[in-house]
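Please open the model in a viewer and keep the sequence panel visible. The tour below proceeds by selection, and each stop states what is to be found there.

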Amino acid sequence: MPQSVCAHQPEQRQCEDDQWFTIGKTIMSARTVVVTGCSSGIGLALAVKLAKDQLKRFKVVATMRDLDKKKRLEDAAGNTLNDTLEIKELDVCSEDSICKCVNSIPERKVDILVNNAGMGLIGPVECQSLDTMKTVFDTNFFGLARLVKEILPDMKSRQNGHIVVTSSVMGIHGLLFNDVYSASKFAVEGFCESLAIQALKFNINISLIEPGPVFTEFESKLYEDAAKMDLSSTDEETAKMFQQLYLPYSKKVFHALGQTAEDVAEHTVKVITSKNPPFRYQTNNLYTPLTTLKFADPTGNTHVDTFYKMVFEHGRIFNTSLNLIKLLRWRSRNNPGGKHS
């Protein structure tokens, strides 16, 4: 929680410099939030949502690797740009870039770190180079590790902070043809789960945000590239499985279960503003039964067998279920009050 800087003052919504807000009769300083991966998708949606907070509780430092891609964020930020939101360059794969960005923040004071930058990889493992696999880990895991190494010591010295990490349900359970991506998210989850115990001693919270499929350019490009993937390094059956089963299956899952970036951002704001932030937070409750399988059977057989049967033995039933879920979600969105005509 933010530190109180002045108590028992008249109630007010904000001071002239927009760096303060009030809760009851206590004036609170706006919290500095660093968000990575803000050129599009969840990072962009979250940065803008925090910057447009009506109480102006946040000063957002929205970062991206390539500032040539900042136009969309600038447009979405509107009049919050250079007020409650500023854009800075930060490459999670570069310690120098991270250090330079953090040093540019007054007193290096980062109250909330949102590690959102990431990259995906799908396809048969035989068709992926080790260099590509290392790049995925360099971004998804070591990118987080670099940020934590730079920012955690300052949070410890202030005895306050919140580290929010965009993970995935695939950090809990593996998924067909997502071997390397899932492994990188497993690494993220293990890193955070271990670190969270120590962090609590310094009044620092760590939260993992675990979305399922999300409609973003990140996902669209991933599947576009996968459709053109060179499969010559694998066998015919595996190639057929990837092209004719996995890709169409994934498309159906996205349409039935997918969330928007704005929806995930809304859930992330709830975690950030919570008085007792959860360690794990799944943004899509439709996935909860599937992730629960992971913990229901210590041998892991139930989880593996269930996914195997869903994909290879009960495809028609699964597709029918997806279509039903899609219909129910459509009806819910178009009839939010539950009224019937």
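## A loop residue as the starting point

Select Lys 56, which is placed in the loop between helix 1 and strand 5. The model is a predicted one. The phi angle of Lys 56 is near 50 degrees, a positive value in a residue other than glycine. Is this loop residue buried or exposed? Lys 56 is buried, its relative accessible area being 17%.

Next, move the selection to Arg 108, in the loop between helix 3 (95-103) and strand 7. Here too phi is positive in a residue other than glycine, with a value near 55 degrees for Arg 108. Arg 108 has a relative accessibility of 21% and therefore counts as partly exposed, the cut-off for buried being under 20%.

## The whole chain

Zoom out and colour by secondary structure. The chain contains 12 helices and 12 strands. Of its 341 residues, 46% count as buried. Among contacts in the chain with a separation of 6 or more, 73% are between residues 24 or more positions apart.

## Helix 1 and the largest nonpolar core

Select helix 1, residues 41-51. Nine of the 11 residues of helix 1 are buried, so this helix is largely enclosed by the rest of the structure. The buried positions of helix 1 include Ile 42, Leu 44, Leu 46, Val 48 and Leu 50; Gly 43, Ala 45, Ala 47 and Ala 51 are also buried.

Extend the selection to the largest nonpolar core, which has 30 residues. In soluble globular proteins, nonpolar side chains tend to be buried together. Which residues have the most contacts inside this core? They are Leu 46, Leu 50, Val 60, Leu 73, Leu 85, Val 114 and Ile 272. The elements that give two or more residues to this core are the following:

- strands 4 (31-35), 5 (58-64), 6 (85-89) and 7 (112-115);
- helices 1 (41-51), 2 (71-77) and 9 (261-273).

Helix 1 gives the most to this core, with eight residues.

Centre the view on Val 114 and display its surroundings. Leaving out residues up to four places away in sequence, Val 114 touches Val 33, Val 34, Val 35 and Thr 36, together with Leu 46, Val 164 and Ile 272.

A second core, separate from the one just viewed, has 28 residues. Ile 98, Ala 117, Leu 144 and Leu 208 are among them.

## The cavity

Ala 117 leads on to the next selection, since that residue also belongs to the lining of the largest cavity, a use of the probe that calls for a brief reminder. Rolling a probe the size of a water molecule over the atoms shows where empty space is left.

How many cavities of 30 Å³ or more does a search of the whole structure find? The search finds one. The largest cavity has a volume of about 30 Å³. To display its lining, select Asn 115, Asn 116, Ala 117, Asn 140, Thr 166, Lys 185 and Val 188. By class, this lining has two nonpolar, four polar and one charged residues.

## The cysteines

Select Cys 99 and Cys 101 and show their side chains. A search of the whole structure finds zero disulfides. Cys 99 is in no disulfide, and the nearest cysteine sulfur, that of Cys 101, is 9.9 Å away. Cys 101 is likewise in no disulfide. Cys 99 counts as partly exposed, at 26% relative accessibility, whereas Cys 101 is buried, with a relative accessible area of 3%.

## Helices 10 and 11

Select Leu 293, which lies in helix 10 (residues 288-296). Leu 293 counts as buried, at 19% relative accessibility. Setting aside residues up to four places away in sequence, Leu 293 touches Thr 302, His 303 and Thr 306. A distance drawn between the C-alpha atoms of Leu 293 and Val 304, which are 11 residues apart along the chain, reads 9.1 Å.

The last selection is His 303, in helix 11 (residues 301-313). His 303 is buried, with a relative accessible area of 9%. Which residues is His 303 in contact with, leaving aside its neighbours within four places in sequence? The contacts of His 303 are with His 173, Gly 174, Leu 290, Leu 293 and Lys 294.

Terms used. Residues are numbered from 1 along each chain as its sequence is written. This is a predicted model: local features need pLDDT of at least 70, side-chain atom pairs count only at pLDDT 80 or more; totals for chains, interfaces and linings use all residues. Side-chain values use heavy atoms; hydrogens and water are left out. A disulfide is a pair of cysteine sulfur atoms within 2.5 Å. Buried means under 20% relative accessible area, exposed over 50%, partly exposed in between (1.4 Å probe, protein chains only). On a 1 Å grid over the protein atoms alone, a cavity is a set of points where a 1.4 Å probe fits but cannot get out, and a pocket is an open set with protein on both sides within 12 Å along at least five of seven lines; lining residues have an atom within 4 Å of a point. Grid points are joined across faces, edges and corners, and a volume is the space filled by probe spheres set on the points. Ala, Val, Leu, Ile, Met, Phe, Trp, Tyr, Cys and Pro count as nonpolar, Asp, Glu, Lys and Arg as charged, and the others, Gly among them, as polar. A nonpolar core is a set of buried Ala, Val, Leu, Ile, Met, Phe, Trp, Tyr and Cys residues joined through side-chain atoms within 4.5 Å. Helices (H or I, at least four residues) and strands (E, at least two) are DSSP runs, numbered from the N terminus. Contact means heavy atoms within 4.5 Å.
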